[in-house]
Amino acid sequence: MTEPVPFIEWGAAMLPQPGQPLSGDDYLIHPLPDGLLVAVIDGLGHGPKAALAARLAVETLRQHAQTNLIELINRCHQALTGTRGAVISLAAIHTGSTAMNWLGVGNVAGLLARSDGTRRHMVLRGGVVGYRLPPLRVFSEALLPGDTLIFATDGIRRSFTQDVPANLPPQALAEAILANHSRQTDDATVVVGRYNT
Ligand SMILES: [Mn+2]
């Protein structure tokens, strides 16, 4: 008998602000040797300049995905200097150690909805990557099978945290949150990961 291998199932849903051709939000789901790096980015403002900042952040994160979260934010800060800047939330989920590290600069909300019914909200520090960084501190959370991680940009009303049905698969949950809680006055992005065994 072999042990079941833990894995993370994920889903994502995005909508540009109505009338905008492209979103100033972006996200990255990137494999790590023992898990997954999840990033959600909101480029400041809207339209092409916001999109450029967000995509630069995604590219930087992809290139350096295996380094630690503080280093990732510092790399993005360098890469985005001179752009609009962006707010970024990151999580590195390690299935081997059943732990997650997370770190957010700005206001991309992070919620860990645990399978035992408890919830953890990511600590967010004000700042703009590419312009002004706050002191950076990584927080760690233990993971249990069935725990759900949700990142949402500020185009999603914070009421989404009260509406997280545990029975929906991650893609359906991301789409439901976007459909039910999007403000329609900003780009909106939701990324959902579920830790499974
Ligand atoms: Mn926004």
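Which residues does alanine 113 touch, not counting residues up to four places away in sequence? Alanine 113 touches Thr118, Arg119, Gly146, Asp147, Thr148 and Val164, where contact means heavy atoms within 4.5 Å.

The views below show a predicted model, in which local features need pLDDT of at least 70 and side-chain atom pairs count only at pLDDT 80 or more, while totals for chains, interfaces and linings use all residues. Residues are numbered from 1 along each chain as its sequence is written, and side-chain values use heavy atoms, with hydrogens and water left out.

**View 1. Surroundings of alanine 113 in strand S6 (residues 109-113).** Strands (E, at least two residues) and helices (H or I, at least four) are DSSP runs, numbered from the N terminus. Alanine 113 has a relative accessible area of 10% and is buried; buried means under 20% relative accessible area, exposed over 50%, and partly exposed in between (1.4 Å probe, protein chains only). From alanine 113 to leucine 28 the C-alpha to C-alpha distance is 20 Å, and the two residues are 85 apart in sequence.

**View 2. The manganese ion and its aspartate donors.** Asp42, Asp154 and Asp186 coordinate the ion through OD atoms at 2.1 to 2.3 Å. Donors are N, O and S atoms within 2.8 Å of the metal (3.2 Å for Na, K and Ca); water is not among the atoms, so sites may look incomplete. Along the sequence, the spacing of the donor residues is D-x111-D-x31-D. Aspartate 42 belongs to strand S3 (residues 35-43), whereas aspartate 154 is in the loop between strand S10 (148-152) and helix H3 (170-181), so this pair ties together parts that are 112 residues apart in sequence. Aspartate 42 is buried, at 7% relative accessible area.

**View 3. The salt bridge between aspartate 26 and arginine 55.** A salt bridge is a side-chain nitrogen of Lys or Arg within 4 Å of a carboxyl oxygen of Asp or Glu, and the structure holds 6 of them. In this one, the closest N and O atoms are 3.9 Å apart. Strand S2 (residues 25-32) supplies aspartate 26 and helix H1 (residues 47-63) supplies arginine 55, so the pair ties together parts that are 29 residues apart in sequence. Aspartate 26 is buried, with a relative accessible area of 13%, whereas arginine 55 is partly exposed at 36%.

**View 4. A salt bridge within helix H2 (residues 69-80).** Arginine 75 pairs with glutamate 71, the closest N and O atoms being 3.0 Å apart. The two residues lie 4 residues apart, about one turn of the helix. Arginine 75 is partly exposed, with a relative accessible area of 33%, and glutamate 71 is also partly exposed, at 29%.

**View 5. Glutamate 141 and a network of salt bridges.** Arg114, Arg120, Glu141 and Asp147 are linked in this network. Within the network, the side chains of glutamate 141 and arginine 120 meet at 3.1 Å, N to O. Glutamate 141 lies in strand S9 (residues 139-142) and arginine 120 in strand S7 (residues 119-121), so the pair ties together parts that are 21 residues apart in sequence. Glutamate 141 is buried, at 7% relative accessibility, whereas arginine 120 is partly exposed, at 42%. Leaving aside neighbours within four places in sequence, glutamate 141 is in contact with Thr98, Ala99, Met100, Trp102, Leu112, Arg114 and Arg120.
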